[in-house]
Amino acid sequence: MLNFEYLRPSTVTEAGAMLGKMSEARPLAGGMTLIPAMKLRLAAPTALVDLAGVPELNGIKVDGKTVIVGAMTKHADVAASADVRRLIPALADLAGGIGDAQVRNKGTLGGSIANNDPAACYPAAVLALGATVTTNRRKIAADSFFTGMFETALEPGEIVTGVTFPVPAAAAYEKFRSPASRYALVGVFVAKTTGGVRVAVTGAATCVFRASAIESILAEKFSAEALASLRFPADGLNSDLHGDAQYRAQLVGVLTKRAVAKLS
Amino acid sequence: MLIQFVLNGKPVAVDVAAYDLLADVVREKLGLTGTHIGCDTSQCGACVVHIDGRSVKSCSTLAVTLEGAKVTTIEGLASPSGQLHPMQQAFHEQHGLQCGFCTPGMVMSAVDFASRNPNPTPAEAAAGIEGNFCRCTGYQNIVKSVIAGAAAMRVVK
């Protein structure tokens with residue numbers, strides 16, 4: 001790993017100022033992606049701004065019909081949270097299935113969505129639940145947050161501070177995971193929200209996306225049988241050593257049916 | 001940078017570079033070589049230690065982030081008189097190891113897991129040590145060890 005300057009702010013304002021000053025500085029959340037990338041010199045920031053010392057970024061709050069998860073809240077804490085388990089159990093299940101126990105003890109919600117790995121689990125939940133991402137500058141709707149492979153709407157120096165999840169009527173996440181990396185080969189998050197049925201797919205393409213064709217079928221009839229004749233198109237899906245585009249397209253259908261069956 | 005933290009119950013101060021990983025610091029600078037480095041890519045779990053009571057992979061943890069933390073390595077589990085931790089004893093009794101390279105990380109993960117899940121089923125125990133690879137045993141006796149260790153930890157409590 002190349003050397004860098006280590007900075008440890010105690011407020012979001014201070015962190016924002018540190019990131020604003022140095023163009024090659026990056027925020028450090030749980031480090032579960034960034035540190036391995038730095039070890040391989042795929043990333044070589046000149047400074048790391050460690051957000052672990054910013055208490056306002058950590059924790060889970062319930063506010064009316066929403067659950068607000070701080071950006072630095074660890075996957076293990078979301079998975080174990082009584083509030084999340086009661087109000088959005090699918091989100092707790094998703095968090096409890098990320099990586100392994102050690103990843104869940106360090107990895108964070110904010111880190112996961114800011115990185116926007118094409119196969120990460122959290123982006124599927126944020127998108128399907130129609131959540132709102134809060135940063136140190138603004139609020140960003142999930143539909144405009146994830147913009148491409150490892151790309152988000154975040155601007156330089158902008159820090160995710162938390163995510164507000166509206167409590168859905170029902171939701172389920174089904175993931176076919178790579179046994180080695182435990183990332184989603186394909187993951188499908190189905191949510192019945194006040195804005196209708198939302199289905200988000202991760203792992204299948206270069207970026208998490210909403211499967212609008214499936215959403216309209218489920219809006220008419222919310223049942224696995226309604227999806228019986230579904231042939232999800234393989235166009236634009238990923239092909240790699242883990243599976244080709246046709247295989248992933250097949251998985252989208254199978255996992256959506258499993259998620260819907262769980263809720264019917 | 002000088003950082004201070006509590007290692008296996010004792011305060012330590014050590015000079016580290018920003019890029020020093022916890023696994024390297026405990027092994028090279030603090031002389032505790034029980035923490036192993038297997039893959040060095042956060043896959044294999046041989047380097048698992050506890051930070052503030054939670055299992056983490058020390059090869060993916062920057063030492064500089066540990067100011068004021070409580071770190072426990074495999075050397076910190078047995079009592080000062082040398083009596084093994086119940087989980088260590090269980091690995092010994094159930095033959096939960098062959099070459100032993102993965103064992104320190106395996107035991108550290110198992111202790112954290114059993115403290116949160118004191119009465120695991122075999123499937124839960126296997127899932128609990130998912131982040132640790134063993135290339136000798138096929139895991140059968142490791143799972144038995146985790147279950148026996150969890151039972152022994154319940155008694156000690």
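In this report, a residue counts as buried when its relative accessible area is under 20%, and as exposed when that area is over 50%, with partly exposed in between. By that rule Asp20(B), at 14% relative accessibility, is buried. The structure you are looking at is a predicted model, so please read every value below as computed from that model.

## Starting from Asp20(B)

Asp20(B) makes a good way in. Its side chain forms a salt bridge with Lys29(B), and the closest N and O atoms are 3.1 Å apart. The two partners sit in contrasting surroundings: Asp20(B) is buried, while Lys29(B), at 44% relative accessibility, is partly exposed.

How many salt bridges are there over all chains? The count comes to 19. Some of them share partners, and in this way Asp100(A), Arg177(A), Arg182(A), Lys57(B) and Glu130(B) are joined into one network. That network includes residues of chain A and of chain B.

## Two salt bridges in chain A

Let us turn to chain A. Asp50(A) pairs with Arg8(A) in a salt bridge whose closest N and O atoms are 3.0 Å apart. Asp50(A) belongs to strand β3 (residues 47–50) of chain A and Arg8(A) to the loop between β1 (5–7) and α1 (12–21), so this salt bridge ties together parts that are 42 residues apart in sequence. With a relative accessible area of 1%, Asp50(A) is buried, whereas Arg8(A) is partly exposed at 38%.

Glu158(A) and Arg138(A) also meet through their side chains, in a salt bridge of 2.7 Å from N to O. This pair links distant parts of the chain, 20 residues apart: Glu158(A) is in the loop between β9 (151–152) and β10 (160–166), and Arg138(A) is in the loop between β6 (132–135) and β7 (139–141). Here Glu158(A) is buried, with a relative accessible area of 5%, and Arg138(A) is partly exposed, with 31%.

The table sets out the three pairs described so far.

| Acidic residue | Basic residue | Closest N and O atoms |
|---|---|---|
| Asp20(B) | Lys29(B) | 3.1 Å |
| Asp50(A) | Arg8(A) | 3.0 Å |
| Glu158(A) | Arg138(A) | 2.7 Å |

## Domains and a helix in chain A

Chain A is divided into domain 1 (1–50) and domain 2 (170–263). The centres of these two domains, taken over C-alpha atoms, are separated by 34 Å.

Helix α10 of chain A covers residues 212–220. Which of its residues are buried? They are Ile214(A), Glu215(A) and Leu218(A). Seen down the axis of α10(A), these buried residues fall within an arc of 100°, so they line one face of the helix. A general rule helps here: an α-helix has 3.6 residues a turn, so residues three or four places apart point the same way. The face turned away from the buried side of α10(A) carries the exposed residues Ser212(A), Ala219(A) and Glu220(A). And what covers the buried residues? The cover includes β12 (184–193), β13 (196–202), β14 (209–210) and α11 (245–263) of chain A.

## The sheet of chain B

Chain B has an open sheet of 5 strands, in the order β2-β1-β5-β3-β4, with mixed pairing. Its edge strands are β2 (10–15) and β4 (54–57), each of which pairs on one side only. On average, neighbouring strands of this sheet are turned by 40° against each other, direction ignored.

Strand β1 (residues 2–7) of chain B runs antiparallel to β2(B), and 6 bridges join them. Val6(B) stands opposite Pro11(B) in β2(B). α3(B) packs on the sheet, where it touches β3, β4 and β5 of chain B, and its direction makes about 45° with that of β3(B). Helix α1 (residues 22–29) of chain B lies across β1, β2, β3 (48–51) and β5 (70–72), running at about 100° to β2(B).

## Two positive phi angles

Finally, two residues other than glycine are worth finding in the viewer. Phe150(A) has a positive phi, near 55°. Phe150(A) lies in the loop between β8 (146–148) and β9 of chain A and is partly exposed, at 42% relative accessibility.

In chain B, the phi of His95(B) is positive too, near 55°. His95(B) is found in the loop between α2 (86–93) and α3 (103–116), and at 48% relative accessibility His95(B) counts as partly exposed.

How values were computed. Residues numbered from 1 in each chain as written. Chains lettered and ligands numbered in written order. Predicted model: local features only at pLDDT ≥ 70, side-chain atom pairs only at ≥ 80, totals over all residues. Heavy atoms only, no water. Buried < 20%, exposed > 50% of the residue type's maximum accessible area, 1.4 Å probe, protein only. Helix = DSSP H or I, 4+ residues; strand = E, 2+ residues; numbered from the N terminus. Arc of directions from axis to C-beta. Contact = heavy atoms within 4.5 Å. Salt bridge = Lys/Arg side-chain N within 4 Å of Asp/Glu carboxyl O. Domains from an automatic or database assignment. Pairing = 2+ DSSP bridges. Axes fitted to C-alpha atoms, helices over the stretch in contact; angles between N-to-C directions.
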